[in-house]
Each structure stands twice: as structure tokens, then as C-alpha cells.
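Grab a pencil and work through these exercises with the structure open beside you. Try each task before you read its solution.

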Amino acid sequence: MTSPVLSLEENGIFFGRATSAVSEDAKEIDEKLAMIRCELASTRSVGWRDLQIKKQLRSTLQEANCDGWDGMGAKRFSPEALVQAVRLINVLPTWVPAPECTVDPDGEIGLDWFSEKNEVLSVSVGTDGRVSYAGRFGLGRVHGSEYLVDELPEPILANLRRLLSSSRESLAA
């Protein structure tokens, strides 16, 4: 597996590659996708979202850079969880807005999305690529765990669609 390149510098590369590709063809496709990601990052729509995520992550990680950062014994953010969170952010569709970034008390990285109707989808990314999620959609609740491989797990994608479509519906009303 290739590890992602991660820089939280203002002008640094934010998202690099993260793949389990092993064949030469797969590696070539990954290289081309990386070039496309770089091109997308230079656009106003996608680049702006990624800049938002980068700034939020930087600020959040500075705050959670030592054990007990919350005054209640929370663990320092896990660098391994950060790598996995970057992998997840890399596979977010371009139509997904920037999430709120948090550090959970156990050191995992949290990504939260909210709708105009006070609905929420929270995703927590662990050190081993386990992605736990919980959502509240009106009276309905969802939760579960998936593993991040090379694409966004389907239940998370489906719940993002659900959350964001209800947000669009409330704006149209």
C-alpha cells in the first residue's frame, strides 16, 4: 500500500496517493488519478473545499496535539488515524461539502456533516482504516462500521446522499 503524502503547510500538497494497487497497470491508473486530483485541487470548487478541510484539520490538530487536550483526559490525535482520514477525504465525491473536522477523545479523527434540517452524519476514522458512522435523519437513526479500502464505503456514501439531498430539499422549499 502506498502511504498518502500529507502536508499541513499553507501551500503544501494536502492529499497524496493512498492505494492498495500492486500491478503495473493499477499503479499507472493510480498515477493518472493523482494527476487528475492535482488538477481538481486547482479549481475553485474542489480546491476551495480542500482548502477548507486543510485549514480546519490544521487548527483541530494543533488543539489536540497532546494527551489531555480537552481537560478531561482525551488522547492526542493519532497520526495513523490522520493518515486514514486523509485516505477517506481523498475518496469523497466532489459534490460532498467540507465536513467539520474534530478529534475524538480516543484520538480518532472525526468528520461531521450537518443539514439545514438539523440532521447529522458523523464519521470517525480509526488507525486501522475502520470507519464508524452514526447519523440522525429526522426520527430515523443509522450507525455502523465499515473498512476503508480504495473507495468510500457504500453505507457512508448512501447516508451522505441522504443528508445532502434533504438539505437541498429544504433550500428549495
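A residue is called buried when its relative accessible area is under 20%, exposed when that value is over 50%, and partly exposed in between. Keep in mind that you're looking at a predicted model.

**Exercise 1: Get your bearings**

Work out which elements the protein has and in what order they come.

Solution.
- Step 1: Count the elements. There are 4 helices and 5 strands.
- Step 2: Walk along the chain from the N terminus. The order you should get is α-α-α-β-β-β-β-β-α.
- Step 3: Check how much is covered. Of the 173 residues, 42% count as buried.
- Step 4: Look at the outside. The protein exposes about 9800 Å², and carbon and sulfur atoms supply 53% of that area.
- Step 5: Look at the contacts. Take those between residues at least 6 apart in sequence: 49% of them join residues at least 24 apart.

**Exercise 2: Sort a residue on helix α1**

Decide whether I29 is buried, partly exposed or exposed, and find the patch it belongs to.

Solution.
- Step 1: Locate the residue. I29 sits in helix α1, which covers residues 24-41.
- Step 2: Apply the cut-off. The relative accessible area of I29 is 52%, so this residue counts as exposed.
- Step 3: Find its partners. I29 makes up a nonpolar surface patch together with L33 and I36, and the three share about 280 Å² of accessible area.
- Step 4: Think about the spacing in the numbering. An α-helix has 3.6 residues a turn, so residues three or four places apart point the same way.

**Exercise 3: Check a helix with arithmetic**

Compare the expected span of helix α3 with the distance between its end C-alpha atoms, then see how covered the helix is.

Solution.
- Step 1: Set up the sum. Helix α3 runs over residues 79-90, which makes 12 residues at 1.5 Å each. The expected span is 1.5 Å times one less than the number of residues.
- Step 2: Compare. The helix should span 16 Å, and its end C-alpha atoms are 17 Å apart, which agrees.
- Step 3: Count the covered residues. In α3, 9 of the 12 are buried, so the helix is largely enclosed by the rest of the structure.
- Step 4: Name some of them. The buried residues of α3 include A81, L82, V86 and I89, but also Q84, R87 and N90.

**Exercise 4: Follow strand β3 and its neighbours**

Find which strands pair with β3 and which way they run.

Solution.
- Step 1: Start with β3 itself. This strand spans residues 120-125, and 5 of its 6 residues are buried.
- Step 2: Go to one side. Strand β2, residues 109-114, runs antiparallel to β3, with 6 bridges between them. Across this pairing, W113 faces L121.
- Step 3: Go to strand β4, residues 130-137. Here too the strands run antiparallel, and 6 bridges join β4 to β3. In this pair, V120 is opposite R136.
- Step 4: Inspect the turns. The hairpin of β2 and β3 has 5 residues between its strands, and N118 has a positive phi near 60°. The hairpin of β3 and β4 has 4 residues between its strands, and G129 has a positive phi near 90°.
- Step 5: Pause at N118. Its phi is positive although N118 isn't a glycine. With a relative accessible area of 61%, N118 is exposed.

**Exercise 5: Hunt for salt bridges**

How many salt bridges does the structure hold, and which side chains form them?

Solution.
- Step 1: Count them. There are 2 salt bridges.
- Step 2: Take R130 and E108, whose side chains meet at 2.9 Å, N to O. This pair links distant parts of the chain, since R130 is in strand β4 and E108 is in the loop between β1 and β2, 22 residues apart.
- Step 3: Sort both partners. E108 has a relative accessible area of 11%, so it is buried. R130 is at 25%, so it counts as partly exposed.
- Step 4: Take E154 and R161, whose side chains meet at 3.9 Å, N to O.
- Step 5: Sort these as well. E154 counts as partly exposed at 48% relative accessibility, and R161 counts as partly exposed at 41%.

Notes. Residues are numbered from 1 along each chain as its sequence is written. This is a predicted model: local features need pLDDT of at least 70, side-chain atom pairs count only at pLDDT 80 or more; totals for chains, interfaces and linings use all residues. Side-chain values use heavy atoms; hydrogens and water are left out. Buried means under 20% relative accessible area, exposed over 50%, partly exposed in between (1.4 Å probe, protein chains only). Helices (H or I, at least four residues) and strands (E, at least two) are DSSP runs, numbered from the N terminus. Two strands pair if DSSP finds at least two bridges between them. Contact means heavy atoms within 4.5 Å. Accessible areas come from the Shrake-Rupley method with a 1.4 Å probe; for residues, only the protein chains shown count as cover. Patches are made of residues with over 30% relative accessible area and no salt bridge: like charges are joined within 9 Å, nonpolar side chains (Val, Leu, Ile, Met, Phe, Trp, Tyr) within 5 Å. A salt bridge is a side-chain nitrogen of Lys or Arg within 4 Å of a carboxyl oxygen of Asp or Glu.
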